[in-house]
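Hi,

Here is the structure I promised to pass on. Have a look at it first, and then read on for what turned up.

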Amino acid sequence: MSKQGALLRLWLEVSKHLIASLGHAQSLGNTLQRRTMGCFAKEPLGPFEGVEEVSHSRRFLQPNQTSMRPYIPKTTFAFCHSLLSSRFRPSAACPTAPLLPVQALLTTAGLSPHRPELSLVSLNSLLRILSRGASSPAHPLLALRLLLLMLSPSSPLPSPDHLSFPFALSAAAAAPVAPSPGPQLHALLVKNALFPSDHYVTTALLQLHAPRPDDARRVFDELPRREAIHYDLVIGAYARAGMTAEGLALFRAMFLDGVDPDAVVLTTAIAACAQSGALECGEWTHRYVETNAPGLLADAFVGSALVSMYAKCGCLQEAVRVFEGMPERNEYVWGTMVGAFAVHGMAREAVACLERMAGEDGVRPDGVAVLGALSACAHAGKVEDGLILLRDMRRRYGVAPGHEHYSCTVDMLCRVGRLEEAVELIGVMPMTPLASVWGSLLAGCRMYGNVELAEVAANELEKLGAGADQGVHVQLSNIYLDANRKDDARRVRKLIGSRGLKKVPAYCAVEVDGELSSFVADDQAHPQRFEIWDVLGLLAEQMGPSPEEEGTTLVTLL
């Protein structure tokens with residue numbers, strides 16, 4: 001048999017095993033779990049007949065090894081990657097056809113006999129495509145099965161190199177298996193000295209552990225040399241987990257470590273300041289950019305983050321100053337400014353931005369900008385302006401109303417007590433209303449005491465699975481109490497207890513002398529609650545009670 005025929009047969013065998021592994025998702029997790037510190041048990045891999053797991057004798061190709069394949073030009077890699085990617089997209093003739101990796105493998109089989117140095121590049125490209133899991137949730141599993149074949153000492157496939165494992169780590173993060181194979185891959189990389197020496201592997205590991213910021217921080221602390229992207233990933237992980245104080249502390253430590261932040265890190269840090277209300281830290285970051293990297297103020301993401309941060313911290317004039325000072329403003333920047341006006345309930349200015357976009361910068365409003373203007377109308381009570389905007393947005397701006405636009409309009413109607421009109425709008429929505437729509441209606445029913453519509457909204461939320469949130473039942477119970485239907489309120493409260501439902505309390509935060517303090521309603525645990533109550537008493541004495549509150553004392557309010 002010719003060399004080309006043998007290679008084609010090999011690729012056909014690989015594709016057969018990969019497709020067969022679709023039915024063995026659980027066995028993959030169990031297989032990887034049996035591996036410890038880079039050593040594999042000597043046993044078959046589920047559907048892989050006669051293929052042994054990798055032992056310590058199989059080594060990876062290190063970045064500085066002379067046994068690596070020759071350097072592959074970027075154009076060659078791009079051609080190979082685009083060719084493989086095209087095999088994963090549905091064709092125009094059959095857009096719903098299954099996207100099988102065998103097509104990409106056959107393509108590679110046709111290339112490899114003529115360009116043997118492309119074998120490893122082709123496999124890495126295939127790992128990259130499969131790891132994303134965009135076409136099918138099974139693709140990350142296929143990527144991991146392919147990696148196991150590359151690791152096997154009995155496999156004729158080339159060994160993985162330092163570029164293979166970032167894709168494998170992405171596949172581990174996306175693979176729908178439990179337990180996750182990520183920790184085992186982490187141990188394998190440590191055993192074979194790819195962590196923490198390789199930049200790409202380190203970055204991929206931080207991304208893998210990002211959903212668990214404490215684990216990501218442990219990986220980060222082991223790095224002998226830290227770069228801006230490493231700080232960005234950990235700060236972002238903290239922020240997404242609601243641990244903004246820890247994220248901003250790491251941002252400050254970045255300067256002590258002598259690492260200069262780039263635009264990405266600055267955007268993440270400023271967003272964390274906005275999330276936590278840390279105005280002082282946000283202002284310091286702004287001054288740093290003005291002094292050390294003024295060119296970044298023209299960056300759309302840095303500028304938008306500053307506008308959003310100032311607006312959320314109550315400094316709208318400063319947000320406008322940053323916005324007006326940007327030399328170039330795209331639809332993303334304009335959308336952020338519209339959202340800033342919306343936060344402050346300035347409907348006229350928000351709607352005016354939609355008209356200014358085209359005249360000043362030649363930018364057409366997108367769905368996000370229109371949504372911000374609708375939100376501003378809702379906060380300001382400009383219902384008629386909001387209804388006109390929803391009706392004319394397709395004609396005026398070329399933006400088709402989406403679910404989020406209808407949801408915002410329903411909320412706007414409910415805020416002013418036009419509940420029947422809100423129900424009518426829900427009935428004519430061109431898409432199925434989701435939980436945000438019914439939640440707005442339920443909140444409006446609580447505000448205006450409409451028990452019948454509240455029951456309808458609660459039932460719809462139950463159908464959508466939102467009934468697992470205690471907040472829905474608490475709202476309904478309060479509505480029953482306001483209507484003096486105590487038996488129904490008691491029944492709903494019992495339902496909450498029997499289901500073990502829990503509601504995370506909403507909180508507000510304020511920065512005082514560089515430190516963040518958070519508060520919840522009826523806070524009995526705040527360490528300064530007595531001082532807070534004393535100040536409230538002084539404020540109440542100065543303001544004086546309103547006529548309808550003559551008989552109410554501060555003690556009863558607290």
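In what follows, a residue is called buried when its relative accessible area is under 20%, exposed when that area is over 50%, and partly exposed in between. One thing to keep in mind throughout is that this is a predicted model.

By that cut-off, Phe-251 is buried, because its relative accessibility is 1%. Phe-255, at 24% relative accessibility, counts as partly exposed. Both belong to helix α12 (residues 244-256), where they are 4 residues apart and so separated by about one helical turn. As background, an α-helix has 3.6 residues a turn, so residues three or four places apart point the same way.

How are the rings of Phe-251 and Phe-255 arranged, stacked or edge-to-face? Their centres lie 5.2 Å apart and their planes meet at 85 degrees, so this pair is edge-to-face. In the protein as a whole, the count of aromatic pairs comes to 8.

Another of the aromatic pairs joins Trp-284 and Tyr-288, and this one is stacked, with 5.8 Å from centre to centre and 15 degrees between the planes. These two residues are 4 residues apart in helix α14 (residues 279-292), so about one helical turn separates them. Trp-284 is partly exposed, with a relative accessible area of 38%, whereas Tyr-288 counts as buried at 15%. Put the two pairs together and you have one aromatic cluster, formed by Phe-251, Phe-255, Trp-284 and Tyr-288.

There is also a charged side chain over a ring: Arg-329 lies over the face of Phe-323, at 4.6 Å from the ring centre.

Now for the cysteines, in case you were wondering about them. How many disulfides are there? The count comes to 0. For Cys-315, the closest cysteine sulfur is that of Cys-313, and at 6.6 Å it is too far for a bond, because a disulfide needs the two sulfur atoms within 2.5 Å. Cys-408 is in no disulfide either, as the nearest cysteine sulfur, in Cys-377, is 8.2 Å away. The surroundings can be described too: Cys-315 counts as partly exposed, at 22% relative accessibility, and Cys-408 counts as buried, at 13%.

Two helices are worth a look while you have the model open. Helix α6 (residues 139-151) has 13 residues, which should span 18 Å at 1.5 Å a residue, and its end C-alpha atoms are indeed 18 Å apart, so the two values agree. α6 is mostly covered, with 13 of its 13 residues buried.

The other is helix α13 (residues 263-276), which holds Thr-268. Is Thr-268 buried or exposed? At 18% relative accessibility, Thr-268 counts as buried. Beyond its neighbours within four places in sequence, Thr-268 is in contact with Asp-232, Ile-235 and Gly-236.

Finally, the overall picture. The protein chain contains 28 helices and 4 strands. Of its 558 residues, 45% count as buried. Among contacts with a separation of 6 or more, 63% come from residues 24 or more positions apart. The chain exposes about 28000 Å², and carbon and sulfur atoms supply 55% of that area.

Best wishes

Key
Residues numbered from 1 in each chain as written. Predicted model: local features only at pLDDT ≥ 70, side-chain atom pairs only at ≥ 80, totals over all residues. Heavy atoms only, no water. Buried < 20%, exposed > 50% of the residue type's maximum accessible area, 1.4 Å probe, protein only. Phe/Tyr/Trp six-rings, centres within 6.5 Å; stacked < 30°, edge-to-face > 60°. Lys NZ or Arg CZ within 6 Å of the ring centre and 35° of its normal. Contact = heavy atoms within 4.5 Å. Areas by Shrake-Rupley, 256 points an atom, 1.4 Å probe, with all protein chains shown as cover. Expected span 1.5 Å × (residues − 1).
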